[in-house]
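Visitor: I would like to learn how to read a predicted model, beginning with a single residue and working outward to the whole complex. Could we go through it together?

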Amino acid sequence: MSSAPVLEVKDLHIEFPTRRGILKAVDGVSFSIAPGEVLGVVGESGAGKSLTGAAIIGLLEPPGRISSGSIYLDGRRIDNLPYEEMRKIRGRQIGAIFQDPLTSLNPLYTVGKQLTETIQTHLDMNNEQARERAIKLLEEVGIPAARERIDAYPHQFSGGMRQRVVIALALAAEPKVIIADEPTTALDVSIQAQIITLLKRLCRDHGTAVMLVTHDMGVIAETADRVAVMYAGRVAEIGPVSEVIHQPQHPYTMGLMGSIPEFDTHRDRLIQIDGAMPRLDAIPTGCAFNPRCVKVFDRCKAEKPPLLSAGKTEAACWLHAK
Amino acid sequence: MSAFVTLNNVSKIFDVSAPWLNRVIERKPQSFLHAVSDVSFDIRKGETLALVGESGCGKSTVARLIVGLYQPTKGSITIDGKDMRIVDDTGASSQALRRKVQMIFQDPYASLNPRWRVADIVAEPIRTHKLLTDNAAINKRVAELLGYVKLTAKDGEKFPHQFSGGQRQRISIARALASNPEFLICDEPTSALDVSVQAQVLNLMKDLQREMGLTYLFISHNLQVVHHISDRVGVMYLGRIVEIGDKKEVFGNPQHPYTRMLLDAIPDLKMTGKARTPVAGEVPNPLNPPTGCAFNPRCPQKLAVCEQARPQLVTFKGRAVACHANAPTSL
């Protein structure tokens with residue numbers, strides 16, 4: 001994929017001012033996504049992956065704010081746009097899919113009403129055309145008997161079907177980028193497979209770039225082209241998905257991969273990373289992972305490692321310093 | 001080995017009818033939800049039985065029935081030779097039975113009282129069951145329990161909000177262990193946790209089982225976790241057990257089409273970029289289940305008989321399968 005990136009995040013910092021000082025939730029994150037590419041972002045709770053996604057769609061909750069860095073969509077800087085400008089981009093050029101399909105749909109409106117509203121906000125269509133397009137979208141995301149079900153309310157759909165409606169909503173204006181924040185976490189494993197397959201097929205067909213935020217390595221493994229592993233607000237490792245999974249270069253990624261129970265390996269104990277991710281007000285100096293790292297040495301405690309080329313991936317670890 | 005816990009044709013039916021006035025005015029019929037139907041299994045001492053299935057399949061209801069939070073509509077539950085129906089009594093034998101059975105819940109944020117200090121939370125079962133009366137002895141025991149779950153006695157002074165999710169789940173485990181139980185029911189104990197923390201909790205649970213000879217009933221929808229921790233596995237679908245047997249057998253050579261479907265739906269880390277086989281259809285409405293085998297609308301091996309007759313669980317070489325197309329005699 002050599003084409004110019006559709007989404008580019010450069011040295012993004014997000015902070016929360018509090019009475020006891022400023023908390024740095026995202027600390028210098030950079031990545032880019034090419035058209036039609038799926039970038040997986042994994043990490044544990046509090047790693048800053050959802051905040052990064054929220055910053056891109058311009059939905060950071062105050063007092064959270066972007067303190068430095070920039071976000072480019074198709075070469076245009078979007079992180080400093082006024083609210084109304086951003087409103088036009090959101091939905092039209094950047095779609096969003098959230099974790100819980102029940103809270104992201106309005107329970108008081110029919111599914112059709114919500115779809116046609118989104119379509120008419122962004123595209124120049126009359127009621128008739130918008131309704132036809134809504135039905136087509138529902139068919140495309142695999143809702144059976146879409147023409148009859150378009151006037152149903154969200155509660156009349158099951159969890160998996162609701163998430164399909166949310167995907168239809170995200171795709172309604174043919175955005176260039178979709179931010180999918182834990183899209184399958186609230187679903188059963190059998191439904192999860194359906195939704196992932198659907199999301200993957202639609203994005204390939206439409207050439208949409210996807211930033212897939214999740215804590216589920218399995219979902220990443222089968223969906224993403226590249227993956228970024230986040231830890232304590234920084235990217236610990238980024239690279240092609242098979243390399244990161246099979247030959248992780250950062251000690252944190254290694255521990256993370258080892259802690260996932262698997263079928264064909266019969267070990268009695270899982271590899272565990274002792275301790276927990278640091279709180280935002282107590283991030284260690286140097287590499288944030290150093291107190292839990294098995295390969296820690298002096299430099300890790302003094303200097304923050306930048307992303308260094310390591311094997312076929314890039315890892316923020318001094319082990320790879322040349 | 002004899003069975004430590006026995007469930008004998010246990011059913012639980014919930015009355016989910018509309019209020020009486022609505023039934024009269026709107027002529028709505030009474031409706032009943034069959035959450036659990038004819039579930040029978042044994043758990044041997046020191047063993048881990050896992051129940052898996054999708055949301056709404058009744059696995060958590062089974063857990064609540066065993067621990068005595070619900071009373072079964074039909075059937076009986078025996079733990080260590082004593083019928084569970086006596087838990088409603090207030091006598092000494094009921095107390096003794098409750099002491100032996102403890103539960104760990106899914107959400108470590110909701111299952112700990114935010115206004116209590118951790119030491120009081122862990123000491124509560126000791127005080128309730130009057131296992132120790134002397135305060136100094138209780139404090140010593142609490143420190144010991146916190147040590148089991150890799151926390152320090154000093155952590156007892158803190159409140160639950162000062163701990164992370166994994167640490168809170170360890171506090172829940174310490175509380176469950178406080179009454180010297182023999183049987184722990186774990187309802188999705190790691191679902192709310194991140195994978196690296198999940199690994200810590202699973203390793204801890206295995207170590208405790210080895211040291212104290214605990215028996216576990218482990219409820220989860222995560223098949224990898226179940227594969228890691230269990231000795232035997234029961235697969236539930238719409239309130240019934242469709243397949244139950246040794247872990248290696250069930251995962252290595254699944255017989256019921258639903259078990260195969262669940263196993264196929266798991267993302268495989270080894271196969272990056274390859275799509276898994278998505279499963280057709282969804283779980284039917286339990287208020288209006290399909291006739292015959294409840295799985296027949298989604299089943300790739302459906303026979304004519306599947307719509308008419310419900311398959312019985314047939315046991316063959318220690319494994320039981322409820323399927324017309326895959327009767328275990330053909331193994």
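Visitor: Where in chain A does A:Gly43 lie?

Guide: In this predicted model, A:Gly43 lies in the loop of chain A that runs between strand S3 (38-42) and helix H1 (49-56).

Visitor: Is A:Gly43 buried or exposed?

Guide: The general idea is to count C-beta atoms around the residue, and 20 or more others within 10 Å make it buried. A:Gly43 has 26 C-beta neighbours inside 10 Å, and therefore counts as buried.

Visitor: With which residues is A:Gly43 in contact, once its neighbours within four places in sequence are left aside?

Guide: A:Gly43 is then in contact with A:Lys49, A:His215, A:Val229, A:Met230 and A:Tyr231. A:Gly43 and A:Ala236 are also worth reading as a pair, since 193 residues part them in sequence while their C-alpha atoms are 9.4 Å apart in space.

Visitor: Which residues touch the most other members of the largest nonpolar core?

Guide: That core has 182 residues, and those touching the most other members are A:Ala168, A:Val177, A:Leu212, A:Val229, A:Tyr231, B:Val122 and B:Leu217. Two of these names, A:Val229 and A:Tyr231, have already come up as contacts of A:Gly43. For A:Val177, again without neighbours within four places in sequence, the contacts include A:Val6, A:Leu7, A:Ile33, A:Leu73, A:Thr208 and A:Met211.

Visitor: How should I read the overall fold of chain A?

Guide: One can begin with the secondary structure, which in chain A comes to 11 helices and 12 strands. The radius of gyration of chain A is 21 Å, close to the 20 Å that the globule rule gives for 322 residues, so chain A is as compact as a globular protein of that length. Buried residues make up 47% of the chain, and, among contacts between residues at least 6 apart in sequence, 64% join residues at least 24 apart.

Visitor: How many residues does each chain bring to the contact between chain A and chain B?

Guide: In general, the size of an interface is often given as the accessible area lost when the parts come together. Here one can instead count residues, and the contact takes 34 from chain B and 34 from chain A. On the side of chain B, helix H7 (195-212), helix H8 (223-229) and helix H10 (257-264) are the elements that give two or more residues, with the largest share, 9 residues, coming from H7(B). By class, that side has 15 nonpolar, 13 polar and 6 charged residues.

Visitor: What ipTM and pTM does the predictor give the complex?

Guide: The complex is given an ipTM of 0.74 and a pTM of 0.82, while chain B averages a pLDDT of 87, with 93% of its residues scoring at least 70.

Conventions:
Residues are numbered from 1 along each chain as its sequence is written. Chains are lettered from A and ligands numbered from 1 in the order in which they are written. This is a predicted model: local features need pLDDT of at least 70, side-chain atom pairs count only at pLDDT 80 or more; totals for chains, interfaces and linings use all residues. Two residues are in contact if their C-beta atoms, placed from the backbone, lie within 7 Å. Helices (H or I, at least four residues) and strands (E, at least two) are DSSP runs, numbered from the N terminus. Ala, Val, Leu, Ile, Met, Phe, Trp, Tyr, Cys and Pro count as nonpolar, Asp, Glu, Lys and Arg as charged, and the others, Gly among them, as polar. A nonpolar core is a set of buried Ala, Val, Leu, Ile, Met, Phe, Trp, Tyr and Cys residues joined through C-beta atoms within 7 Å. A residue is buried if 20 or more other C-beta atoms lie within 10 Å of its own, exposed if 12 or fewer, and partly exposed in between; C-beta atoms are placed from the backbone. pLDDT is the predictor's confidence in each residue, from 0 to 100. The radius of gyration is taken over C-alpha atoms; the globule rule is 2.2 Å times the number of residues to the power 0.38.
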